[in-house]
Amino acid sequence: AISAQDPPPHWGALRTATSGSAQPEQDDSGLAGPACERVAKALLLIFAVATLAVAHTDSEAVGLGQFHGNSAAAAARLGWQEEGRAAEDEEVEFTFALKLQNTRELEKLLERVSDPNSPEYGHYLTKEQTDALTAPKEQDIEVVKRFLHGIPFKEHSGGSFITAQVPVHTAEKLFGGSFVRYCHTNANGSGEQSCVLRNVAARVPEDLQRVCGAISPLDDPLPPIFQGPIVQGQSPEEAPLHFIA
């Protein structure tokens, strides 16, 4: 399965963490309720603010630095094998994460809604309110649209994210370099491979760097490979779990 098109998980978390739409599930302990919901929402807001910092890191910090020098050797150390260039007609989806506004105000809001002594305690924003508060500048959105130059795209969360799917040959015209396939064999014993596309030599124009916090998959690191758990023993009840890092 090709997963180069999937946006990084922390972007999805940022879009939904402050939505206020999630309802707590009732468990056997009877802990669900308004108090539990407030705690859960506060934790989600904390995570959302933390992801803002991730979205504003540059490509060097986000993972491209691991490929400096011999990219195949660097990938192999992470458990991935370089499988050669992607086919020209293979589709790759880009996600442009535009830089957000009013992030400091969002942090202050987090402090107020999480403080029992604040009159705003528990007054969480909806997803729509959060999008309106942090939406990127309209002129920044236009920079991405001009760069795509007629390529179909979709806007998400008030323009905070723009996605566009293009064949590899078009992607290489946009960013230069070559898209290469990196694969690893799944640890479930099926023999199936998981693959991603990366472009080590891609070059992002300065105006696009200025308005975007990250561009997937250009800024994506190779995902970690989990090898466990491996179960040994006569029965599920008796078998210890061995996790391999």
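The structure holds one disulfide. The model is predicted. Cys183 and Cys195 form the link, with an S to S distance of 2.0 Å. The angle about the S-S bond is 110°, and the link is right-handed. The pair ties together distant parts of the chain, 12 residues apart. Cys183 lies in strand S5 (residues 180-185), and Cys195 lies in strand S6 (residues 193-198). Both Cys183 and Cys195 are buried.

Another cysteine is Cys212. Is Cys212 buried or exposed? Its relative accessible area is 7%, under the 20% cut-off, so Cys212 counts as buried.

Next comes strand S2. It spans residues 91-98 and is mostly covered. Six of its eight residues are buried. S2 pairs with strand S4 and with strand S7, as the table shows.

| Pairing | Residues of partner strand | Bridges | Sense | Example of bridge partners |
|---|---|---|---|---|
| S2 with S4 | residues 161-167 | seven bridges | antiparallel | Phe96 and Ile162 |
| S2 with S7 | residues 212-216 | four bridges | antiparallel | Thr95 and Ser216 |

In a regular strand, side chains alternate between the two faces of the sheet.

Now to confidence. The protein averages a pLDDT of 74, and 64% of the residues score at least 70. Over residues 230-237 the pLDDT is below 50. That stretch has 11 contacts in the model beyond near neighbours in sequence. Residues 239-245 also stay under 50 in pLDDT. For residues 239-245 the model has 15 contacts beyond four places in sequence.

Definitions and conventions: Residues numbered from 1 in each chain as written. Predicted model: local features only at pLDDT ≥ 70, side-chain atom pairs only at ≥ 80, totals over all residues. Heavy atoms only, no water. pLDDT = per-residue confidence, 0-100. Contact = heavy atoms within 4.5 Å. Disulfide = S-S within 2.5 Å. Helix = DSSP H or I, 4+ residues; strand = E, 2+ residues; numbered from the N terminus. Buried < 20%, exposed > 50% of the residue type's maximum accessible area, 1.4 Å probe, protein only. Pairing = 2+ DSSP bridges.
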